[in-house]
Amino acid sequence: MALEWVVLGYTAGAEAIMLLLLTVPGLDGLRKGLIAVTRNLLKPFMSVVPFSLFLLMDIYWKYETRPTCDADSCTPSESLRHQKSIMKSQRNALLIAAALILYWLLYSVTNLVVKIEQLNQRVERLKNRD
């Protein structure tokens, strides 16, 4: 199952980089190409949503089926393994949340940047008419 988390982590990283590049001022020369690349990648990145839901269900299933470890019934090593498992689940849930939020932000920002470009083109056409 580690490969799924690596893929989700790289996807979240790519989303964050594209979001950062779209919102950084001063990259006007690269912006048109970056918008085209981002718009083309939004559909494949949409697979993050069902993939994240699958991984979230996996976390829930592991949570429901793990053995309980009370203070009196476990050895220190079992207690430590139990705590590590809980921390990994929490980390993975944060990664899922980050990937979903970054996808939503990337989608929203891309749409806003495209609308701004269209409005700028309309303003230029109106200026050229007058």
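**A tour of packed helices**

Begin by selecting helices H3 and H4 in this predicted model, where the two pack at an angle of about 165°, with their axes 10 Å apart. Because angles over 145 degrees count as roughly antiparallel, H3 and H4 are described as roughly antiparallel to each other. If you turn the view to follow how one helix passes the other, you will find that H3 passes H4 in a left-handed crossing.

Next, show the side chains where these two helices touch: on the H3 side select Val 48, Val 49, Ser 52, Leu 55, Leu 56 and Ile 59, which meet Ser 89, Asn 92, Ala 93, Ile 96, Ala 99 and Leu 100 in H4. Sorted by class, this contact of H3 with H4 has nine nonpolar, three polar and no charged residues.

Stay on H4, which covers residues 76-129, and select Arg 91, which has its place in this helix. The side chain of Arg 91 is joined to that of Asn 92 by a polar contact of 3.3 Å. Now add Ile 59, 32 residues apart from Arg 91 along the chain, and you can check that their C-alpha atoms are separated by 11 Å.

Finally, keep H3 (residues 48-65) and add H1 (residues 2-23), which pack at an angle of about 135° with their axes 11 Å apart, so that H1 and H3 are oblique to each other. Here too the crossing to look for is left-handed, as H1 passes H3. Among the residues that meet are Trp 5 and Leu 8 in H1 and Phe 51 and Leu 55 in H3, and the contact as a whole has seven nonpolar, two polar and two charged residues.

Terms used: Residues are numbered from 1 along each chain as its sequence is written. This is a predicted model: local features need pLDDT of at least 70, side-chain atom pairs count only at pLDDT 80 or more; totals for chains, interfaces and linings use all residues. Side-chain values use heavy atoms; hydrogens and water are left out. Helices (H or I, at least four residues) and strands (E, at least two) are DSSP runs, numbered from the N terminus. A polar contact is a pair of N or O atoms within 3.5 Å; within protein, one must be able to donate a hydrogen and the other to accept it, and residues adjacent in sequence count only if both atoms are side-chain atoms. Axes are lines fitted to C-alpha atoms, for helices over the stretch in contact, and angles run from 0 to 180 degrees between N-to-C directions. Angles under 35 degrees count as roughly parallel, over 145 as roughly antiparallel, 65 to 115 as roughly perpendicular and the rest as oblique. A crossing is left-handed if the near helix is turned anticlockwise from the far one by less than a right angle, and right-handed if clockwise. Contact means heavy atoms within 4.5 Å. Ala, Val, Leu, Ile, Met, Phe, Trp, Tyr, Cys and Pro count as nonpolar, Asp, Glu, Lys and Arg as charged, and the others, Gly among them, as polar.
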